[in-house]
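Please look over the sequence and the structure below before reading on. The paragraphs after them lead through the chain one site at a time.

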Amino acid sequence: MAYTVPELGFAHDALEPHIDKATMEIHHGKHHAAYVAKLNGALEGVDVGDKSIEALLSDLSVVPGDKKQAVINNGGGHANHSLFWRILAPGGANEPSGDVLDGINAACGSVDAFKEAFEAAGMTQFGSGWAWLVVDGGKLAVAKTANQDSPIMDGKCPILGCDVWEHAYYLNYQNRRPDYLKAFWSVVNWDVVAANLAASK
Ligand code: MN
């Protein structure tokens, strides 16, 4: 099967001023599309059945050895961005509550401490990568990955992620990755994060 870029659930300019229209157009329409095209290219002639990209990343055994890294890079890029678009919302939505809040408090002590730890993960990811809130062994944890590596490959379930590749913020924030990470909280859809946690169980 061929993987496809999911539709955005909002207009390209809907996240302004936190994430600008031009960044969204290029990021969703060009970068994500390129990951999907390269993923499909790498999988030409490989039978992956109807596996979701998440299922494929959690078990790469059906992928021939010479194509694994391309699938990790581009399949990871597809999965990571698909999650990213879903957890964004114009104006954000609510604050952590219920099981998400309980899990954040258990992991970090408070929502503020969690946000600090998440921003630190994004800041200390040298070069390109992602900051994450993951479910790891039934517990929430802050994590980071390099490049397009997905936490799924480590047996973790990402429920919130922030893209810290320069392409995600450079047009609007240039070298100010910390400002981008702080602005990110204004457009997080915590209802989707809660749904992601529920679905991970
Ligand atoms: Mn990206």
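What follows is a walk from the metal site to the aromatic rings, the pocket and the backbone.

Keep in mind from the start that this is a predicted model.

Begin at the metal. Which residues are the protein donors of the manganese ion? The donors are His27, His81 and His167, each through its NE2 atom, and Asp163 through OD. These atoms lie 1.9 to 2.1 Å from the manganese ion. Read along the chain, the donors follow the spacing H-x53-H-x81-D-x3-H. In this notation, the spacing of the donors can be traced on the sequence shown above. Two of the donors, Asp163 and His167, are buried.

Next come the aromatic rings. How many aromatic pairs does a search of the whole structure find? The search finds 15. One of them is formed by Phe84 and Trp130, whose ring centres are 5.5 Å apart and whose planes stand at 90°, an edge-to-face arrangement. This pair links distant parts of the chain, since Phe84 belongs to helix 3 and Trp130 to strand 1 (residues 129–136), 46 residues apart. Phe84 has a relative accessible area of 3%, so Phe84 is buried. Trp130 is buried as well, because its relative accessible area is 0%.

Trp130 also pairs with Trp132. Here the rings are stacked, with 5.2 Å from centre to centre and 15° between the planes. Trp132 counts as buried because its relative accessibility is 0%. Ring pairs join these residues to others in a cluster, which consists of Phe84, Trp85, Phe114, Phe118, Trp130, Trp132, Phe184, Trp185 and Trp190.

Trp185, a member of that cluster, leads to another residue. Lys115, found in helix 5 (residues 111–124), is in contact with Trp185 and with Glu95, leaving aside neighbours within four places in sequence. Is Lys115 buried or exposed? Its relative accessibility is 16%, so Lys115 counts as buried; the cut-off for buried is under 20%.

Now turn to empty space. Rolling a probe the size of a water molecule over the atoms shows where such space is left. The largest pocket holds about 230 Å³. Its lining consists of Glu54, Ala79, Asn80, Leu83, Arg86, Trp132, Ile152, Cys157, Pro158, Asn196, Ala199 and Ser200. Three elements give two or more residues to this lining: helix 3 (68–86), strand 3 (157–163) and helix 8 (190–200). Helix 3 gives the most, with 4 residues. Sorted by class, the lining has 7 nonpolar, 3 polar and 2 charged residues. Trp132, already met as the stacked partner of Trp130, is among the lining residues.

Asn196 is another of the lining residues, and it is found in helix 8. At 11% relative accessibility, Asn196 is low enough to count as buried, which is why it falls in that class. Leaving aside neighbours within four places in sequence, Asn196 is in contact with Leu83, Arg86, Ile87 and Ile159. Leu83 and Arg86 also line the largest pocket.

Some positions far apart in sequence can be compared in space. Ala22 and Asn172 are 150 residues apart along the chain, and their C-alpha atoms are 8.9 Å apart. Ala22 lies in helix 1 (residues 21–42). With a relative accessibility of 34%, Ala22 counts as partly exposed.

The last stop is the backbone. Most residues other than glycine have a negative phi, and most peptide bonds are trans. Where is the peptide bond that is cis, with omega near 5°? This bond runs from Glu16 to Pro17, and Pro17 is found in the segment before helix 1.

Two residues have a positive phi without being glycine. Asn147 has a phi of about 55° and is found in the loop between strand 2 (139–146) and strand 3. Its relative accessibility is 41%, so Asn147 counts as partly exposed. Gln174 has a phi near 50°, and its place is in the loop between helix 6 (170–173) and helix 7 (177–184). Gln174 is partly exposed too, because its relative accessible area is 32%.

Definitions and conventions. Residues numbered from 1 in each chain as written. Predicted model: local features only at pLDDT ≥ 70, side-chain atom pairs only at ≥ 80, totals over all residues. Heavy atoms only, no water. 1 Å grid on protein atoms, 1.4 Å probe; cavity = no way out; pocket = protein on both sides within 12 Å on 5 of 7 lines; lining within 4 Å. Points joined across faces, edges and corners; volume = space filled by probe spheres on them. Nonpolar A, V, L, I, M, F, W, Y, C, P; charged D, E, K, R; others polar. Buried < 20%, exposed > 50% of the residue type's maximum accessible area, 1.4 Å probe, protein only. Contact = heavy atoms within 4.5 Å. Donors = N, O, S within 2.8 Å, 3.2 Å for Na, K, Ca; no water. Phe/Tyr/Trp six-rings, centres within 6.5 Å; stacked < 30°, edge-to-face > 60°.
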